[in-house]
Amino acid sequence: MAMNGTPSPQLTATGAPRAGGAGTLAGHTVSRIGYGAMQLARLHADRDAAIAVLRRAIELGVDHVDTAQFYGNGFVNEVIRDAVRPGDGVVVVSKVGADPDPGGTPPLRFAQRPEELRASVEDNLVSLGLDRIPVVNLRRPDAGPGIRAEGDQVVDLDDQLAVMTALRDEGKIGAIGLSAVTPEGLRRALPAGIACVQNAYSLVSRDDEEMLRLCAAEGIAWVPFFPLGGAFPGLPKVSDAPAVTAAARSLGRTPAQIGLAWLLHHAPNTLLIPGTADAGHLEANIAAGTVEFDDATLAALDAVESRSNDIALG
């Protein structure tokens, strides 16, 4: 699974038009609409179907795939290893900071200590079948919805960055990203060289405007997760906003496509990683890259009230 192809601003290495146009991630040109592979764990009983979804994403112009060892306890990484071919030009992004916890709720546990981060990178390398992972995100417990760290899992960011930098120097990872981090945390991490930030963010939950501006100023890719909101009970949903449903009706699109398209229009350094285990839904997500807004529609969407999604779970 190498990046042997020669992607261009217009086409991926496979010759497909770029989904959502071209963006930049850790020095690589990638399509602005990528693929979040977490949902492939739902296809655990049908590995061939999971591989087919990922192959279809690549055919549709995706060359940025987001994963983690704790997605399906290694299953998703193994699907990526089997589905992505030399010459596809796919930039694989994984994350560390949590380990699988099969049977748990949620089925993961924090693994924040430096030695755990190193072990998780090694696990990802094996399951992905790679000698080097192009980008690895450090998933912190600092911001957004999710579980909170306790006890020895409360680890100083500088200690974590030291091991991440060492892994980069050793050639095991290509670049460092951060996830669920605060603006203060990102500023502390800037000297280490940060390629991307993944935080929960959507049209209806825009707590991180300061973070987005900081990323843009520093040339860091902004990769929002939960881009349609509503991932957990109590979180606002993009599809519930009247301005979104009105735009969807006017343009003959779905509310989800409007929500994804707004993110692309809102900031040029945005890269999307919507996830699905359904080929039809995948095609709809990628088609969001063709949505255009007139000034009035964009103004109405910009005016949607933002609600916080910073809730603790578990």
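# Exercises on a predicted single-chain model

An open sheet of seven strands runs in the order β3-β4-β5-β8-β9-β10-β11, with parallel pairing. The edge strands are β3 (35-36) and β11 (221-222), and each of these pairs on one side only. The model is predicted. The exercises start from this sheet.

## Exercise 1. The β3 edge

Task: state how β3 pairs with strand β4, and find the residue of β4 that stands opposite Tyr35.

Solution.
- Step 1. Locate the partner: strand β4 covers residues 64-66.
- Step 2. Read the direction: β3 and β4 pair in the parallel sense, over two bridges.
- Step 3. Find the residue across from Tyr35: Val65 in β4.

## Exercise 2. The fold as a whole

Task: count the helices and strands of the chain, then judge its radius of gyration against the globule rule.

Solution.
- Step 1. Count the elements: ten helices and eleven strands.
- Step 2. Compare the radii. The chain has a radius of gyration of 18 Å, and the globule rule gives 20 Å for 314 residues; the two are close, so the chain is as compact as a globular protein of that length.
- Step 3. Add the extents: the C-alpha trace spans about 50 × 40 × 40 Å along its principal axes.
- Step 4. Turn to burial: 52% of the 314 residues are buried.
- Step 5. Look at contacts with a separation of 6 or more: 73% of them join residues 24 or more positions apart.

## Exercise 3. Surface and charge

Task: describe the exposed area of the chain and its charged side chains.

Solution.
- Step 1. Take the area: the chain exposes about 12,600 Å².
- Step 2. Split by atom type: carbon and sulfur atoms supply 51% of that area.
- Step 3. Count charges: 26 side chains are positive and 38 are negative.
- Step 4. Locate the two sets: their centres lie 2 Å apart.

## Exercise 4. Two loop residues and their contacts

Task: place Leu40 and Ser202 in the chain, classify each as buried or exposed, and list their contacts beyond four places in sequence.

Solution for Leu40.
- Step 1. Place: Leu40 sits in the loop between β3 and α1 (47-59).
- Step 2. Class: its relative accessible area is 0%, so Leu40 is buried.
- Step 3. Contacts: Leu40 touches Tyr35, Ala50, Val53, Phe75, Val76, Val79 and Thr276, leaving aside neighbours within four places in sequence.
- Step 4. Sequence separation: Leu40 and Gly275 are 235 residues apart along the chain, yet their C-alpha atoms are separated by 8.3 Å.

Solution for Ser202.
- Step 1. Place: the loop between β10 (194-198) and α6 (209-218) holds Ser202.
- Step 2. Class: Ser202 has 1% relative accessibility; buried means under 20%, so this residue is buried.
- Step 3. Contacts: with neighbours within four places in sequence left aside, the partners of Ser202 are Phe226, Pro227, Leu228, Gly229, Val238, Trp262 and Leu263.

## Exercise 5. Positive phi outside glycine

Task: give the phi values of Asn73 and Ala180, and classify the exposure of each.

Solution.
- Step 1. Recall the background: most residues other than glycine have a negative phi.
- Step 2. Asn73 is not a glycine, but its phi is positive, about 55°. Asn73 lies in the loop between β4 and α2 (75-83).
- Step 3. At 46% relative accessibility, Asn73 is partly exposed.
- Step 4. Ala180 also departs from a negative phi, with a positive value near 55°. Its loop runs between β9 (176-179) and α5 (183-189).
- Step 5. Ala180 has a relative accessible area of 1%, so Ala180 is buried.

Technical notes
Residues are numbered from 1 along each chain as its sequence is written. This is a predicted model: local features need pLDDT of at least 70, side-chain atom pairs count only at pLDDT 80 or more; totals for chains, interfaces and linings use all residues. Side-chain values use heavy atoms; hydrogens and water are left out. Helices (H or I, at least four residues) and strands (E, at least two) are DSSP runs, numbered from the N terminus. The radius of gyration is taken over C-alpha atoms; the globule rule is 2.2 Å times the number of residues to the power 0.38. Buried means under 20% relative accessible area, exposed over 50%, partly exposed in between (1.4 Å probe, protein chains only). Contact means heavy atoms within 4.5 Å. Accessible areas come from the Shrake-Rupley method with a 1.4 Å probe; for residues, only the protein chains shown count as cover. Lys and Arg count as positive and Asp and Glu as negative; His and the chain ends are not counted. The place of a charge is taken as NZ of Lys, CZ of Arg, CG of Asp or CD of Glu. Two strands pair if DSSP finds at least two bridges between them.
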